[in-house]
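I opened the model today and kept notes on what I looked up. The entries follow in the order I made them.

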Amino acid sequence: MELDPEEINSSEPLDDQPTEGEDLGKVRPVSGLYKDWFVEYASYVILERAIPAIEDGLKPVQRRILHAMNVMDDGRYNKVANIIGATMAYHPHGDAAIGDALVNLGQKDLLIDCQGNWGDVRTGDSAAAPRYIEARLSNFAKEVAFNDKTTEWQLSYDGRKKEPISLPMKFPLLLAQGVEGIAVGLSTKIMPHNFVELCEASIDILKGKQVQIFPDFPTGGSADFSMYNDGKKGARVRVRAKFEEKDKSTLLIKEIPFGTTTGSLIESIIKASDNGKIKVKKVIDNTARDVEIEIQLGPGLNADIAVNALYAFTDCEISISPLACIIVQDRPMFIGVSEILKECTKNTLHLLKRELEIELDELENKWHYSSLEKIFIENKIYRDIEECETWEAVIEAIDKGLEPFKSLFKRQIVEEDIIRLTEIKIKRISKFDSFKADEFIKGIEAHIEEVKHHLDHLVDFAIDYFKRLLKKYGAGKQRKTEIRVFDTIEANVVAVANVKLYANLKEGFVGTSLKKEEFLMDCSDIDDIIAFRKDGKYSISKVSDKTFYGKDLIHVDVWRKNDERTTYNLVYWDGAGKKAMAKRFNATGLIREKEYDLTGGSPKSDILYFSANSNGEAEKVTIYLSAAANARVKQFEYDFAKLAIKGKNAAGNQLTKYPVRKVELREKGGSTLGGVKIWWDIITGRLTGDAKGQYLGEFDLDDRILAIFNDGSYEITNYELINRFEPSELYSIQKFHADQPIQVVYLDGKTKNHFVKRFVIETSTVGKKFIFISEEKGSKLECASTANPTLVEFLTETKKGEKKKEEITINDFMDVKGWKSVGNRLSQEIVKKVVLLSEKVGEYEVPQEEIIEEEEIDTDDSNSNSGNETDVIKPTITPPPAPIQKGDNPQLDLL
């Protein structure tokens, strides 16, 4: 939205305004009034209230507060009440609005030095009353925001005082502080950015480089800026709280998302718990100097699941939509933060140039008068005026005495210069030191050359300026918000089973309120339910109090989107083809409330056998033909493992052309899908099945994951995709093999000696960390590996200072011992450095007798039409690949 400044600032009378002498009671149309007055009102709110100017990054009320504080400044603190009163001389609004704006500026901890209780943005606590708190301008504000010589002025609203049109801001304050405002017809929301990064980015812009900057929030936390879009319209930032695990049943929130408070966060957690989304026993706010919210989890709730549920159902994760709108030349403009930073840097460059030009002019004037004074006194020109009787004669005498020296000056000598000479006191003339005068003039000349050099190399001067700001004010302003790429959390996966599901299968009703009917399962109130009927129809619907799916239900379960492992095995009678068909399929890509058909929808089609298998199991069944059938053999077996898994719309394969009396389960079978392929995403730290990150291998039902951490502990976990391993804490991750030894070198914090140990994991507890190195303070894991052999290089130093490099193979150095053993000392000398030469993860050799040749499974839905041949699938066991480790990827080491 852009408004015409001519229209905004027009002083012409409105057409519909009453003229002098006109009857005020006369009825006049409001159309013109509404049009003109609305534009004026909208323009006023946009330009004078809500939207900041690009020149100094301030709204008018903020600018007037800072100007009033600068006028009052004497180095001491002033009562905020006095500052508000002084600001009211410039700002035509109430003291409450000024006070709120002042507190907001003070809480940003950049321009104002605060004293007293100014509130806390983390807890939402408000500041004390204005009469109890004090403030003054910070040294940073005095350096970057004020210079009367480069400031453009205007009269205040009542014409009594002058105020700045904009402050000469030599810093991208708009991006450092951030701003939020709602005007008429538009709004702005610019996120705060990091002080150090802004200075560095400005330096890069001055060097001609392209820059990309991301917000940094004062509340910390972590944020995903993958959709930041330079802060323009349509941008989105996901912000999360930071958790620490106190123990298996207690989580601590140490940093909160920007835009929330500890109070609002606790309320959202309690609300989610009351709604049954997550099991929480108690939430305690321990926030003091640092944020700490203690969350005591309910019994049996895994910490990883709890964290995901908190992200999904509470304000522990929120989404922010930035929108950068600023005033440029009295017009609101929507531009990106990179462009804003370029304009701010350009403005700083212009102000620095203007300051140098003013300084140069002042220095040249100073040199001119100092040289004039020196000649006037040394040549005793003042004696020429002793006999002059008039003022004009005095001026003429001095001018005549200076005539021989006028060519030495850089500009013309004017009458004002001569008048200044007449004002020199006799005392100064009598004590004049020619040598000191020459040195003073030389100093001025050197200073002039320096300023001219800065003007000739203005960009370098500006770069040095930003470097000085960094050095002087950058301490303690490191980035607080961690930049991450978040994974997508499916709410129904992490939701707690908070409702009980009942069903009347005969009548076809399913819901949570049918407590007199058959109990089916516990589920979440945000789950989808899939129900199959005897006639072959099925559909999905959200969990509700009572839903009708159709009579004669044969199977009801929770439906998961994109679940390609849950496989349904089916035998049905095809009413159109007069034959029995068998099929295996996945129910993916379904739409709520839409009815699907397993049999093709032919009349007289019927379900003969149905089973649901969560891991793609294939059973054996017995087929009983009708007594009236002409077949010689009226009973035979069928193995679903011979049938390939096709799409839900596939007709299946022909089983028999004779009528079937019944089908019974003969023997349960194993999975035909093989292991689940698992990757570890080094960016999000989460296990994934999306072929993204580092491949860990194929996992069967009882397989586990081994994670070794930098603190010298290990953990055995399952391969559920909700599991997450913090990249900065993880040393290595791989598929767990119970008989695979781990080779370790570590530093004992007590003895300061390095030890080597080999052990196999003997613990069986899943999800618990076990320390396998010394627990003494200062102990450190140097390296760990499952490679065979594990080769280590280390540097030793004798007491005499002699250094020696050695290598050992840990597998030959010692035998396997218990995981709690201390191990053998690496060297009798002082070990200065240890380097692992082998891979962190070694290939696990599967015993040869377990390897079975595999045949590729064809699951292409394009061949889903019925046929007479069945697809044979042979079960396979494949040796797991060597997992890629943290050390093999430089991105992981960077994280």
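Entry one: Ile340. I listed the contacts of Ile340, leaving out residues up to four places away in sequence, and found Leu174, Leu175, Ile190, Ala324, Ile326 and Ile335. I note here that the model is predicted.

Entry two: the cores. I looked up the largest nonpolar core, which has 80 residues. Ile340 is one of the residues with the most contacts inside this core, and Leu66, Leu102, Phe140, Phe171 and Leu469 are the others listed. Helix α11 gives the most to this core, with 10 residues. Another core, of 30 residues, lies apart from it, and I noted Val756, Ile761, Cys783 and Val834 among its members. I added a general remark from my reading: in soluble globular proteins, nonpolar side chains tend to be buried together.

Entry three: strand β7. Ile190 was on my contact list for Ile340, and I looked at its strand next. Which side chains of β7 (residues 187-190) are buried, and which are not? Thr188 and Ile190 point to one face and are buried, whereas Ser187 and Lys189 point to the other face and are not. In general, the side chains of a regular strand alternate between the two faces of the sheet. I then checked the partner: β6 (residues 179-182) runs antiparallel to β7, and four bridges join the two. Opposite Ile190 in β7 I found Val179. The hairpin of β6 and β7 has four residues between the strands, and in this hairpin Gly185 takes a positive phi near 85 degrees.

Entry four: α11 against α16. I looked up how helix α11 (residues 337-378) packs with helix α16 (residues 458-473): the angle is about 105 degrees and the axes are 10 Å apart. Angles of 65 to 115 degrees count as roughly perpendicular, so α11 and α16 are roughly perpendicular to each other. On the α11 side, the contact is made by Thr345, Thr348, Leu349, Leu352, Lys353 and Leu356. On the α16 side, I listed Leu458, Val459, Phe461, Ala462, Tyr465 and Phe466. By class, this contact has nine nonpolar, two polar and one charged residues.

Entry five: two single residues. Is Thr87 buried or exposed? Thr87 counts as buried because its relative accessibility is 0%. Thr87 lies in helix α4 (residues 80-87), and beyond residues up to four places away in sequence it touches Arg64, Ile65, Ala68 and Ile98. I found His737 in the loop between β39 (730-735) and β40 (742-747). His737 has a relative accessible area of 13% and is buried.

Note on methods: Residues numbered from 1 in each chain as written. Predicted model: local features only at pLDDT ≥ 70, side-chain atom pairs only at ≥ 80, totals over all residues. Heavy atoms only, no water. Buried < 20%, exposed > 50% of the residue type's maximum accessible area, 1.4 Å probe, protein only. Contact = heavy atoms within 4.5 Å. Axes fitted to C-alpha atoms, helices over the stretch in contact; angles between N-to-C directions. Parallel < 35°, antiparallel > 145°, perpendicular 65-115°, else oblique. Nonpolar A, V, L, I, M, F, W, Y, C, P; charged D, E, K, R; others polar. Core = buried A, V, L, I, M, F, W, Y, C linked by side-chain atoms within 4.5 Å. Pairing = 2+ DSSP bridges.
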